[in-house]
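Q: I am new to this structure and would like a close look at a single part of it. Could you take me through the space enclosed inside, and then through the elements that are covered by the rest?

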Amino acid sequence: MIEPNPVAPHVAVPSLQGSRSRRHLSSLREYLDVLRDLGELQEIAHEVDWNLEIGAVTRRCYETGAPAPLFGRVKGVEPGFRVLGAPAGLSARPGQRFARVAVSVGLPPGATALEIVEALSRAEDKPPIPPRVVEDAPCKRNVFTGDAVDLMRLPTPLIHDGDGGRYINTWGTIVARSPDGTWTNWSIARIMLRDRNTMVGIVSPQKHVGRVHAMWKAIGKPMPFALSLGQDPVVPFFAGMPLRDGVSEGPVIGGYVGEPIEVVRCETVDLDVPASSEIVIEGNLTLDEMDAEGPMAEYPGYIVPSSRQFRPVYRVSAMTYRDDPILPIVAAGHPPEENHTCWGIGIAATVLAELRKAGWPVTACFVPFEAACHLLVVTVSRDWKRRTTHQDAPDFARALGNYVFSLRGGTVVPRIFVVLDDVDPSSPAEVLWAVATRVHPGDGELMFPTLSANPLNAFMRGNEKAAMFTTKAVLDGLPRDDWAADQVPVRADFATLYPEELKRKVLAGWTTLYGFPRDTSAGSR
């Protein structure tokens, strides 16, 4: 088999159970204070235009690793309303590439991608703690109901040139409850402004908000909803995580952070929203009323001009907000952005948790950001044959594919790459190297025809998008079963090919003996 890389600590995934205390940031404003201290917030006093300028600056921040922009003045919008872009984008600062993601979920700013996935994968291992209802909250400082509602007062941007409208929800949490009250779902789905008191958005039957909506349609009633915009920074990570059907996110988050999430009652619907919300929009998702929505640049990294479709209409009965409220937004598109840093990490975490519970010999899962949620990398231990009944690599890879594609996280991801854990799944360079050198071009790609899929997958044909089914694949990167002992490849790198004593000498004398500048590359840690 392919030999391990014994001194590459970035491959190992440390257990975070009890090893690091988590800090629950209980509001968006507390989160912004942390970002400010880390140098991860750029406060912009210059007046900006909601028409594309906010989107352009935010997109540029993703592509350069610049701090998250906080726009303090928006053209044509009354003073006090603000917009936060790139709330969970990646950073160009050395040692804190994942800082915004890490501190959002309560980890230190220097946490690695695999540490973040590992922490979130353990969330459901903790006893759930239900949310705690409070009587009042800052989001009740300004309350508008009925004819007084005017969504056009909000600083909602036109994010991309070519978008079908101004998208008010790209980072907010939709709250919906099943008619019997047993399941309260918190989720994220894009929603576009329609006019002063209506919105229109994607309500996919594959997603939980679509399933709850179907329950209400079955009894002939519109679905009450609440949209929370801006709250505890951990909430979007669970709202975007593909938890199992019927699992309410609020108690899971409480268990993860070790204390109940505070919620407050809505004004016009029987729902509770995070008490830390900056802006709350309430109402009903209609039974049959539809209107055109889209297109919008999306997570695969493209905008499809012809993708405008008729979607369900949200009718708004109330709007409340804090003083000087902040609207968080995502400029979706070419990775990395929050669809990849939040949704992708959530997919990896839930798949890892399910594989671990089912006894698969997995060591890590990751959805590389550059693959735009189109590839899941699963690493397995080198003794996988001893720990499974599948003695043949293709048989093992096919069985793992069948299992993962049956999960909610597997519904999204069209390709899985199975490889030994000497490869760091969070390193695009290592993943590309391993795919190119370990997957046989003739039989290394295993096909899984006619599986449920997200119609936003970039490669899908028109008929597949309509049916929401496509062919998926597993890339089998496990060692060949017919290799003789002297044919097994060994990694040819510093960590593997040299004696330990010599490696220690080289590392210790890198600057003093050899005169090199300090090596800050990932492989030197």
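**The largest cavity and the covered elements**

A: In this predicted model, the largest cavity is lined by Leu28, Tyr31, Pro87, Ser104, Trp171, Gly230, Gln231, Pro233, Pro236 and Pro328. Seven of these lining residues are nonpolar and three are polar, while no charged residue takes part in the lining. The volume of this cavity is about 80 Å³, and the count of cavities of 30 Å³ or more comes to three. Such empty space is what shows up when a probe the size of a water molecule is rolled over the atoms.

From the cavity we can turn to a covered helix. Helix H7, which spans residues 249–257, is mostly covered, with nine of its nine residues buried; among them are Glu249, Pro251, Ile253 and Tyr256. The buried residues of H7 pack against helix H4 (113–121), strand S8 (184–187), helix H5 (208–218) and helix H6 (235–239). After H7 comes glycine 258, which has a positive phi near 85°.

A strand can be read in a similar way. Strand S19, residues 415–420, is largely enclosed by the rest of the structure, because five of its six residues are buried. Strand S18 (residues 375–380) runs parallel to S19 and is joined to it by six bridges, and here valine 380 has leucine 420 of S19 as its bridge partner. S19 is also joined to strand S21 (residues 469–476) by four bridges, again in a parallel arrangement, with phenylalanine 417 partnered by leucine 475 in S21.

Methods. Residues are numbered from 1 along each chain as its sequence is written. This is a predicted model: local features need pLDDT of at least 70, side-chain atom pairs count only at pLDDT 80 or more; totals for chains, interfaces and linings use all residues. Side-chain values use heavy atoms; hydrogens and water are left out. On a 1 Å grid over the protein atoms alone, a cavity is a set of points where a 1.4 Å probe fits but cannot get out, and a pocket is an open set with protein on both sides within 12 Å along at least five of seven lines; lining residues have an atom within 4 Å of a point. Grid points are joined across faces, edges and corners, and a volume is the space filled by probe spheres set on the points. Ala, Val, Leu, Ile, Met, Phe, Trp, Tyr, Cys and Pro count as nonpolar, Asp, Glu, Lys and Arg as charged, and the others, Gly among them, as polar. Buried means under 20% relative accessible area, exposed over 50%, partly exposed in between (1.4 Å probe, protein chains only). Helices (H or I, at least four residues) and strands (E, at least two) are DSSP runs, numbered from the N terminus. Contact means heavy atoms within 4.5 Å. Two strands pair if DSSP finds at least two bridges between them.
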